[in-house]
Amino acid sequence: MTTAPQPAAPARPAAGRSVPGRSVPGRSVPGPRQVRGRGRVGQTFVYVSLVIASLVVLLPLAVVFLTSLKTSEEATDGGALSLPGNWLNFGNYATAFSDGHMLTAFGNTAFILLFSITGTVIIGSMTAYAIDRFHFRAKKLIMALFLIATLVPGVTTQVATFQVVNSFGLFDTRWAPILLYMGTDIVSIYIFLQFIRGIPVSLDEAARLDGANSFTIYRKIIFPLLKPAIATVVIIKGITVYNDFYIPFLYMPSQELGTVSTALFRFKGPFGAHWENISAGAVLVIVPTLVIFLFLQRYIYNGFAQGATK
C-alpha cells in the first residue's frame, strides 16, 4: 500500500522573530503601513513647528522693514503688512541716520565694545587658567561664589553699583559701562574652562622644565590655544553689549554719549509717532548684528560643541 503524501506543515517563524503585520502573544507589531504613517505624522509635526517658529521670528522683522520704506501717510493709513508705494524710498534711513545721531552712537558703541570684550577675554581666560591649573583651598568656594552671583538679579544691586561708579567719577562717561561689562560672567569662564581642561598638563610641565613661570605658560601656551573659545566669547559678549540698553541709559544720560540702543530709544522724542523713521532706525541697528551673526555663527556652535566634548 502506498500512503498518500501528507500536506507540508506551515513554517513557523523562528524564535525571537515576528511576521510583519501579525500580532505576537504579549505584544503587537506594527505593519509597514503603520510605520510609514507614524513617520509622516512626525515629519509633518516637525515642519509645522519650524514654519510657526519662522513666522514668529520673521514676521516682526518684515513689518519693521516694510514700515521703514513707507511714507508718513502710508504708515498711518495702511496696515502693518501693506506694501510700500515706492520700494526705493530710502529717505527715512537718511533722516534716521542724521537726525538720530546714529554715527555718534555707532562710534560710542564700538569704543565700548572694544574695551569691554578685550577685558572680558583677558580676565575670563586668566580666571579659568587659575581655577583649572592651580590647587588651593578656596577653589570650590570661588566657583560657588561665581554661581551665586549669577543667581542674584542685577537690578537689586544697582543702587550700590551706582554709588561705587559715581564715587570713582565715572558717571556720564564711556568708562562706566566698560567697567561694568568687564566683570566677567560665569558663561565666559565656563567656556574658557572647558577648553583649558582639554589642553594637556604635560605642556605646562615641559615649559616649567625650560624655566617658564605661570604667566609665561599662560601667555605663550594656553592663550594661543584658546582661539576657538575666544571667538565664541567675543561673539556672545559682543552681541550682549551691543543690544544692552539698561546700563548705557542709566550711566550715560548725555545725548552725545548715546549708544545704538539709547539712540534708538530717543527717537520717540523728536519723531513722536513717525513710525517710518523709527523703523528705519531699528533696521540700521539690526543690520550690523544680523550680518556679523550670519558670518560668524559657525564659531558659536563649534565653540560650544568643542568645549562640551573636551
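This is a short talk on the helices of one protein chain and on a few of its residues.

Good morning. Please keep in mind throughout that the structure before you is a predicted model. I shall begin with the chain as a whole, continue with three pairs of helices, and finish with individual residues.

The chain contains 14 helices and 2 strands. There are 310 residues in the chain, and buried residues make up 30% of them. The surface that the chain exposes comes to about 19800 Å². Carbon and sulfur atoms supply 68% of that surface. How do contacts relate to distance along the sequence? Taking the contacts in the chain with a separation of 6 or more, 71% of them join residues 24 or more positions apart.

Let us turn to the first pair of helices. Helix H4 covers residues 102–133, and helix H10 covers residues 214–222. Their axes lie 12 Å apart, and the two helices pack at an angle of about 115°. The crossing in which H4 passes H10 is right-handed. Which residues make the contact? On the side of H4, they are Ile122, Ser125, Met126, Tyr129 and Arg133. On the side of H10, they are Ser214, Phe215, Ile217, Tyr218 and Ile222. By class, the contact of H4 with H10 has 7 nonpolar residues, 2 polar and 1 charged.

Helix H10 has a further partner, helix H9, which spans residues 201–209. The axes of H9 and H10 come within 10 Å and cross at roughly 125°. The term for this arrangement is oblique, because an angle of roughly 125° falls outside the ranges for roughly parallel, roughly perpendicular and roughly antiparallel. H9, too, passes H10 in a right-handed crossing. In H9, the residues that take part are Leu203, Asp204, Ala207 and Arg208. They meet Ser214, Ile217, Ile221 and Ile222 in H10. The contact of H9 with H10 is made up of 5 nonpolar, 1 polar and 2 charged residues. You may wish to find Ser214, Ile217 and Ile222 of H10 on the structure: they are in the contact with H4, and they also meet H9.

The third pair consists of helix H8, residues 186–197, and helix H11, residues 227–243. Here the axes come within 9 Å, and they cross at roughly 170°. H8 is therefore roughly antiparallel to H11, as that term applies to angles over 145 degrees. H8 contributes Ser188, Ile191, Phe192 and Phe195 to the contact. H11 contributes Pro228, Ala229, Ile230, Thr232, Val233 and Ile236. What classes of residue are found in the contact of H8 with H11? There are 8 nonpolar residues and 2 polar ones, with no charged residues.

I come now to single residues, starting with Ile131, which is found in helix H4. Is Ile131 buried or exposed? Its relative accessible area is 5%, so Ile131 is buried, the cut-off being under 20%. Setting aside residues up to four places away in sequence, Ile131 touches Lys139, Met143, Ile189 and Leu193. Ile131 and Leu193 are 62 residues apart in sequence, yet their C-alpha atoms are 8.0 Å apart in space.

Asn92 lies in helix H3, residues 91–99. Asn92 counts as buried because its relative accessibility is 9%. Beyond its neighbours within four places in sequence, Asn92 is in contact with Thr67, Ser68, Leu69 and Lys70, and also with Glu276, Asn277 and Ala280.

Leu290 belongs to helix H14, residues 275–309. With a relative accessible area of 44%, Leu290 is partly exposed. Leu290 and Ile239 are 51 residues apart in sequence, and 9.8 Å separates them from C-alpha to C-alpha.

Finally, I would like to consider two residues in loops, and the backbone angle phi. Most residues other than glycine have a negative phi. His101, although not a glycine, has a positive phi of about 55°. His101 is placed in the loop between H3 and H4, and it is partly exposed, at a relative accessible area of 42%. Asp172 is another residue other than glycine with a positive phi, near 65°. The loop that holds Asp172 runs between helix H6, 158–167, and helix H7, 175–181. Asp172 is partly exposed as well, and its relative accessible area is 26%.

That concludes my presentation. Thank you for your attention.

Definitions and conventions:
Residues numbered from 1 in each chain as written. Predicted model: local features only at pLDDT ≥ 70, side-chain atom pairs only at ≥ 80, totals over all residues. Heavy atoms only, no water. Axes fitted to C-alpha atoms, helices over the stretch in contact; angles between N-to-C directions. Helix = DSSP H or I, 4+ residues; strand = E, 2+ residues; numbered from the N terminus. Left-handed = near helix turned anticlockwise from the far one by under 90°. Contact = heavy atoms within 4.5 Å. Nonpolar A, V, L, I, M, F, W, Y, C, P; charged D, E, K, R; others polar. Buried < 20%, exposed > 50% of the residue type's maximum accessible area, 1.4 Å probe, protein only. Areas by Shrake-Rupley, 256 points an atom, 1.4 Å probe, with all protein chains shown as cover. Parallel < 35°, antiparallel > 145°, perpendicular 65-115°, else oblique.
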